[in-house]
Amino acid sequence: MFYIVSLGNHGAKYQNTRHNVGWLVCDFIRDKLHLPELAPDNSMSGRVTEGSVSGVNVKILYPDTFMNNSGAAVAKFVPRTSVASLIVIHDDIDLPLGEIKLGKGRGDGGNNGVKSIIDKLGTKEFIRIRIGIAPRSFWTGEVKRPKGGGSLERFVLKPFTRSEASKLEEVKERAFCALQEIVTTSLESAMNKYN
């Protein structure tokens, strides 16, 4: 069994924002797998569904806590003995939009949802599917990370532009394929193919 957690903020005003890209990607994955609709589960502080990916059982959580308190829901969702089978899908401001990065055992990278999960679980040893949301400089092509504080918060809570949303469709497909590879083969194999 793999436990998949997608990070985001609930509420209509956050629905299509960059910070909610974990939920947007996971919506795509659920549709591709024809999983049952999400059901509220107060004992998990979120909405859950379950099914299988290529014959491997998966359980998915969308925490209903806000991003900064995601760890509280994740700690209820994942048994302590199964943290190695936890996959967290989240936005990453240090990766350009259009890229994904797979990994395990990293720090929080400035993502408060991931920080909360590490704090509550007491470990970094879980799988991440990081979805890039950073803009690139028009002139250099380099990633332009917004400065911390107000400008960063405003940026991650903005909706995607039409061209960004189009690019996001390709990202969703790559993330889905990467997830399949992780659960059916291994994280290492998926990293070799998709990083």
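Select Tyr14 to start: at 16% relative accessibility, this residue counts as buried (buried is under 20% relative accessible area, exposed over 50%, partly exposed in between, using a 1.4 Å probe and protein chains only). Keep in mind that this is a predicted model, where local features need pLDDT of at least 70, side-chain atom pairs count only at pLDDT 80 or more, and totals for chains, interfaces and linings use all residues. Residues are numbered from 1 along each chain as its sequence is written, and side-chain values use heavy atoms, with hydrogens and water left out.

Now add Phe66, which at 44% relative accessibility counts as partly exposed. The structure holds 4 aromatic pairs (rings of Phe, Tyr and Trp, the last by its six-membered ring, with centres within 6.5 Å; planes under 30 degrees apart are stacked, over 60 edge-to-face, the rest tilted). Tyr14 and Phe66 make an edge-to-face pair, because their ring centres are 6.1 Å apart and their planes meet at 75°. This pair links distant parts of the chain, 52 residues apart: Tyr14 sits in the loop between E1 and H1, Phe66 in the loop between E4 and helix H2 (70-77). Those labels are DSSP runs numbered from the N terminus, with helices (H or I) of at least four residues and strands (E) of at least two.

Next, pick Phe28 and Phe176. Their rings are also paired edge-to-face, at 6.5 Å centre to centre with 80° between the planes. Phe28 belongs to helix H1 and Phe176 to helix H5, so this pair ties together parts 148 residues apart in sequence. Buried or exposed, Phe28 and Phe176? Both are buried.

Stay with H1 and select residues 21-33. The 13 residues should span 18 Å at 1.5 Å a residue, and the end C-alpha atoms are 18 Å apart, which agrees (the expected span is 1.5 Å times one less than the number of residues). H1 is mostly covered, with 10 of its 13 residues buried; among them are Trp23, Cys26, Phe28 and Arg30. What covers them? The cover includes strands E1 (2-6), E3 (46-53), E4 (56-63), E5 (86-96) and E7 (127-134), plus helix H5 (162-184). Step just past the end of H1 and you reach His34, with a positive phi of about 55°.

Back inside H1, zoom in on Trp23 and show Arg47, which lies over the face of Trp23 at 5.0 Å from the ring centre. The rule for a charge over a ring is NZ of Lys or CZ of Arg within 6 Å of the ring centre and within 35 degrees of the ring normal. For another example, go to Phe126: the charged end of Arg128 sits over its ring, 4.1 Å from the centre.

Now colour the cysteines. Cys26 is buried at 0% relative accessibility, while Cys177 is partly exposed at 23%. Why is Cys26 not bonded to Cys177? The Cys26 sulfur is 15 Å from the closest cysteine sulfur, in Cys177, too far for a bond. The whole structure has 0 disulfides (cysteine sulfur pairs within 2.5 Å).

Last stop: Asp91, in strand E5. Asp91 counts as buried, at 3% relative accessibility. Turn on the side chain of His19 and you will find a polar contact of 3.0 Å to the side chain of Asp91 (a pair of N or O atoms within 3.5 Å; within protein, one must be able to donate a hydrogen and the other to accept it, and residues adjacent in sequence count only if both atoms are side-chain atoms). Leaving out residues up to four places away in sequence, Asp91 touches Arg18, His19, Val21, Met67, Asn111, Ile131 and Ile133, where contact means heavy atoms within 4.5 Å.
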